[in-house]
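The exercises below are meant to be worked through with the sequence and the model open side by side. Each task is followed by a solution that proceeds step by step.

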Amino acid sequence: MNARDLSRREFLQTTGAAGLAATIALATARLEARAAQEKERTDPDRKIRLGVVGGGFGSAYQWHLQPNCEVYAVSDLIPDRCNRLRQVYKCDRSYESLEKLILDDNIEAVAVFTEATNHVKHDVAVMNTGKHCLSAVPVGTTLEGLQQVVEAKEKNGVTYMMAETSHYRPEAMLMRQLYQDGVFREILYSEVEYYHPARRGSAERQSLWYRNNKPTWRHCYPPMWYPTHCTDFVVGITGERFTEVSCMGQRADFEVDPERKDNQYGNPFHSGVALLRTDRGNLCRCNRSSQYHAHGERAQWFGAEVSAFMPSWAGQPFVIKRDGQGDLTTRPDYFHLLPEPMRVPTGHGNSHTFLTHEFIMALVQGREPSVDVYTAVAETACGMVAHESALRDGERMKVPSFDKKA
Ligand SMILES: NC(=O)c1ccc[n+]([C@@H]2O[C@H](COP(=O)([O-])OP(=O)(O)OC[C@H]3O[C@@H](n4cnc5c(N)ncnc54)[C@H](O)[C@@H]3O)[C@@H](O)[C@H]2O)c1
């Protein structure tokens with residue numbers, strides 16, 4: 001009997017909320033053991049010389065606090081933003097562009113936080129200089145672009161990771177471990193969602209959609225082209241792949257919201273609701289919206305005997321429920337898995353420090369990172385196809401695989 005079956009049997013034999021609490025304590029102990037083992041195997045003197053590009057969201061990470069990382073240089077096209085990066089990461093060296101920064105042979109890896117529409121171009125350029133790449137989400141905006149990223153990673157033998165914040169929300173970390181421990185057996189159905197309203201006339205729209213009175217890349221960006229905060233809640237937990245999708249898009253009313261008319265993407269939708277099937281026959285409903293009165297990223301997962309619910313901005317509490325045997329409502333906190341200087345609160349459910357740490361540890365240990373290129377592409381590709389399905393009024397479409405052939 002393997003460990004997965006054993007822990008599942010233990011789990012089913014335990015009774016009541018105390019049993020559920022013990023299962024969760026076991027999952028936490030496994031995470032702690034892994035972190036301790038990795039720390040033991042890490043040479044404290046090994047430093048990864050990192051370049052950081054993009055001083056908006058890219059200044060919200062903790063590279064300067066990671067013990068095996070040295071921020072060697074930073075870059076942003078906008079001088080103020082470049083200065084912000086210098087200050088946040090306590091780094092004196094800067095370049096006027098990513099294109100200049102990647103010519104510096106001292107840099108081993110680059111964290112790319114440029115516009116979503118530029119990720120493929122920038123990430124491929126980074127990897128083609130033999131440097132490892134951490135990229136902000138999503139991988140890209142076309143299936144051809146995703147293929148180029150996979151090819152650049154494989155051809156250059158470098159490491160690629162996508163900084164998907166949903167992957168390190170504490171509920172997702174717990175779910176991943178519970179799934180690995182066999183507690184769920186299968187997650188038969190999940191509901192995943194990401195809402196980021198940019199309603200007409202709101203300050204949020206103004207700051208996201210315009211810079212110097214010109215539209216930014218976020219202006220009318222197709223909702224399903226930004227799927228990874230949702231899809232990681234399945235792909236990043238069970239390792240499943242989405243194989244088909246049918247998506248209904250919700251069209252903006254251009255009379256009411258003329259700013260959305262004639263946009264750079266020719267995108268008619270403010271929201272999309274996709275129904276996806278996985279390679280193990282499980283189902284997922286995925287919502288994306290820039291219009292609904294709703295906020296944030298969350299999931300709820302349903303197995304046959306166990307279900308789990310992330311908290312929601314609207315009041316749903318965190319809860320794990322087991323058939324007839326009570327609820328567990330204590331939300332885990334994994335700060336203690338991080339090196340001491342990194343135990344600081346961050347954005348997106350405190351995920352930023354975990355992403356920072358994971359990328360550097362993958363490089364130091366010479367292993368693939370958690371959100372590796374195949375995971376990242378699987379989380380992104382289904383959204384590209386979902387958007388196409390929405391344009392075809394919900395036509396059911398196949399999602400291609402970018403995985404390495406066995
Ligand atoms: N939860 C999350 O994971 C999350 C949250 C916010 C943003 N993001 C992602 O982070 C990325 C950045 O988001 P943002 O809001 O900061 O976008 P942004 O458009 O405000 O910033 C992008 C920055 O990249 C810089 N840049 C572009 N090309 C460059 C080049 N060649 N050389 C140097 N600098 C260059 C720009 O000058 C700009 O400052 C996006 O891909 C977005 O999808 C992810």
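A residue is called buried when its relative accessible area is under 20%, exposed when it is over 50%, and partly exposed in between. The structure shown is a predicted model.

**Exercise 1. Determine how many of the ten residues of helix 5 (residues 119–128) are buried, and identify what covers them.**

Step 1. Applying the cut-off of under 20%, one finds that seven of the ten residues of helix 5 are buried, so the helix is largely enclosed by the rest of the structure.

Step 2. The buried residues are H119, V120, H122, D123, V124, V126 and M127.

Step 3. The cover over these residues includes helix 4 (98–101) and helix 6 (143–156), together with strand 4 (109–112), strand 5 (132–135) and strand 6 (160–162).

Step 4. Just after helix 5, the backbone at G130 adopts a positive phi of about 80°.

**Exercise 2. Describe the interface between domain 1 and domain 2, beginning with the domain assignment and ending with the residues on the side of domain 1.**

Step 1. According to the domain assignment of the chain, domain 1 is made up of 1–37 + 171–337 + 373–406, while domain 2 covers 48–165.

Step 2. The centres of the two domains, taken over C-alpha atoms, are separated by 25 Å, and 22 residues of domain 1 are in contact with 22 residues of domain 2.

Step 3. Between domain 1 and domain 2 an area of about 1,800 Å² is buried, with carbon and sulfur atoms giving 72% of it. Of the area that domain 1 buries against domain 2, W217, V373 and F402 supply 30%, which is more than any other three residues.

Step 4. The search for polar links gives zero salt bridges across the interface of domain 1 and domain 2, whereas four residue pairs, with both residues at pLDDT 80 or more, are in polar contact between these domains.

Step 5. On the side of domain 1 that touches domain 2, helix 9 (228–238) and helix 12 (373–391) each supply at least two residues, and the largest share, nine residues, comes from helix 12. The residues of this side divide into 14 nonpolar, three polar and five charged.

**Exercise 3. Examine the salt bridges R298 with E193, R205 with D257, and R343 with E340, and establish where the partners lie and whether they are buried or exposed.**

Step 1. Side chains of opposite charge can pair when their charged atoms come close. A search of the whole structure finds 27 salt bridges.

Step 2. In the salt bridge between R298 and E193, the closest N and O atoms are 3.4 Å apart. Since R298 lies in strand 13 (residues 296–302) and E193 in strand 7 (residues 189–195), the pair ties together parts that are 105 residues apart in sequence. Both R298 and E193 are buried.

Step 3. The side chains of R205 and D257 meet at 2.8 Å, N to O. This pair ties together parts that are 52 residues apart in sequence, because R205 lies in helix 8 (residues 203–209) and D257 in the loop between strand 10 and strand 11. R205 counts as buried at 1% relative accessibility, and D257 is likewise buried, with a relative accessible area of 6%. R205 and D257 also belong to a network of salt bridges that links them with R200, E259 and R260.

Step 4. For R343 and E340, the N to O distance is 3.9 Å. R343 is partly exposed, with a relative accessible area of 36%, whereas E340 counts as exposed at 61% relative accessibility.

**Exercise 4. Find out which backbone nitrogens lie by the side chain of N263, and work out the surroundings of this residue.**

Step 1. N263 is located in the loop between strand 10 (242–251) and strand 11 (269–278), and its relative accessible area of 10% makes it buried.

Step 2. A polar atom of the N263 side chain lies 3.0 Å from the backbone nitrogen of Y265, and the backbone nitrogen of G266 lies 2.9 Å from a polar atom of the N263 side chain.

Step 3. When neighbours within four places in sequence are left aside, N263 is in contact with H219 and C220.

Terms used: Residues are numbered from 1 along each chain as its sequence is written. This is a predicted model: local features need pLDDT of at least 70, side-chain atom pairs count only at pLDDT 80 or more; totals for chains, interfaces and linings use all residues. Side-chain values use heavy atoms; hydrogens and water are left out. Helices (H or I, at least four residues) and strands (E, at least two) are DSSP runs, numbered from the N terminus. Buried means under 20% relative accessible area, exposed over 50%, partly exposed in between (1.4 Å probe, protein chains only). A polar contact is a pair of N or O atoms within 3.5 Å; within protein, one must be able to donate a hydrogen and the other to accept it, and residues adjacent in sequence count only if both atoms are side-chain atoms. Contact means heavy atoms within 4.5 Å. Domain bounds come from an automatic or database domain assignment. Buried area is the accessible area (1.4 Å probe) that two parts lose on being put together, summed over both. A salt bridge is a side-chain nitrogen of Lys or Arg within 4 Å of a carboxyl oxygen of Asp or Glu. Ala, Val, Leu, Ile, Met, Phe, Trp, Tyr, Cys and Pro count as nonpolar, Asp, Glu, Lys and Arg as charged, and the others, Gly among them, as polar.
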